[in-house]
Amino acid sequence: MKKLPKTLYIILTHNEKKISTQYYESLKYYQEQDNFDLIFLDNGSGQRYRPKQATHRFPKNVYFNGAIAWAWKKMLENDEYEYLVFSNNDVSFHGYRFVETMVRQMQEGNFAMLSPSIIELNGQNFWPIMHCWYKDKPRETKWIDFICPFIHRKVVEKIEWPTWWRSPSYGFDDYAALICGRENWKVGVSDLCTMFHYGSHSYRQERADDGLDIMSMQYTHRTNFDWNFEQMGLYDEMKELANHKALYGRHNSLKMGAMPSTPDEGYYTGKGTTWFRNEEEEKIHKKRKEIFDNAYKQSMGIE
């Protein structure tokens with residue numbers, strides 16, 4: 001079998017050492033087998049939560065944009081790498097032949113970006129695109145969630161991340177997806193490889209050094225996300241992409257209950273971010289949200 005092209009695999013962590021170290025150890029023994037270099041990058045963690053096995057460290061938190069710019073530079077300075085993985089720290093999966101399987105699928109399908117399918121704490125990712133659909137081959141989409149993206153070198157060479165990008169913010173996955181769309185490069189999700197994602201783990205554990213809790217973080221990310229795309233002149237394109245993200249698999253998704261709404265239905269208006277198949281699912285969701293909101297207010301001393 002033809003030797004795999006080389007991959008640069010980066011795990012970014014901040015104030016989380018247990019899950020991220022388990023993740024790192026699930027991969028580090030397979031580097032020679034799957035032809036990749038593994039970097040465990042600590043993003044300014046405090047002493048208490050700093051992983052001992054980190055291979056690289058930032059002295060302070062540079063957020064996602066600073067870290068991905070560093071990864072981009074590392075990739076561009078080393079011609080040996082054909083693929084880049086820039087991964088969240090809070091995932092769990094079986095590492096044996098994971099990189100090989102993902103890269104083989106990218107080669108065979110000529111994908112510019114490919115993600116494993118994602119399972120989360122509530123059973124499914126918010127976006128049906130990222131669910132495991134049990135398809136034999138990767139599903140071609142217009143976007144992937146940047147939880148653990150495999151990115152071809154040509155994408156790295158094409159994109160220069162804005163230095164003025166407001167943080168913290170979502171949107172790097174949207175920006176990369178828009179560029180791939182312009183270039184007519186394939187983007188997809190693999191159902192053959194699935195990983196479990198805890199989701200915003202540092203914020204859920206109240207360990208992020210920006211002082212934001214999970215609710216405040218979501219609002220801040222959303223505000224900065226909109227501002228960043230407005231500054232790039234890509235706001236309308238971003239909203240069009242959001243329609244694809246919301247409508248993909250809406251009527252035949254394996255997920256029950258709340259799913260993303262389109263911008264016109266309220267996703268970007270503050271009127272509502274979710275869509276439901278029927279009234280019963282909406283009632284259940286509202287009841288659960290009420291319990292969650294009350295618990296949050298109580299924990300913050302609001303009520």
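Start with F229: in this predicted model, its relative accessibility is 0%, so F229 counts as buried. The ring of F229 has company. Its centre lies 5.9 Å from that of W165, and the two planes sit at 75 degrees, so this pair is edge-to-face. Look at where the partners come from: F229 belongs to helix α8 (residues 214–231), while W165 lies in the loop between α5 and α6, so the contact ties together parts that are 64 residues apart in sequence.

Now stay with W165 for a moment. Is W165 buried or exposed? Its relative accessibility is 4%, and buried means under 20%, so W165 counts as buried.

W165 also pairs with Y175, and here the geometry is tilted: 6.4 Å from centre to centre, with 35 degrees between the planes. That angle falls between the 30 degrees for stacked and the 60 for edge-to-face, which is why the pair gets the tilted label. Y175 sits in helix α6 (172–183), 10 residues from W165, which is in the loop after α5 (153–158). Y175 is buried too, just like W165.

Step back and these contacts become part of a bigger picture. Ring pairs join F64, W72, F86, W161, W165, F172, Y175, F225 and F229 into a cluster. Over the whole model, the count comes to 22 aromatic pairs.

Rings here also meet charges. The charged end of K186 sits over the ring of F111, 4.5 Å from the ring centre. Over at W143, the charged end of K245 takes up such a place, 4.3 Å from the centre of that ring.

Note on methods. Residues are numbered from 1 along each chain as its sequence is written. This is a predicted model: local features need pLDDT of at least 70, side-chain atom pairs count only at pLDDT 80 or more; totals for chains, interfaces and linings use all residues. Side-chain values use heavy atoms; hydrogens and water are left out. Rings of Phe, Tyr and Trp (its six-membered ring) pair if their centres lie within 6.5 Å; planes under 30 degrees apart count as stacked, over 60 as edge-to-face and the rest as tilted. Helices (H or I, at least four residues) and strands (E, at least two) are DSSP runs, numbered from the N terminus. Buried means under 20% relative accessible area, exposed over 50%, partly exposed in between (1.4 Å probe, protein chains only). A charge sits over a ring if NZ of Lys or CZ of Arg is within 6 Å of the ring centre and within 35 degrees of the ring normal.
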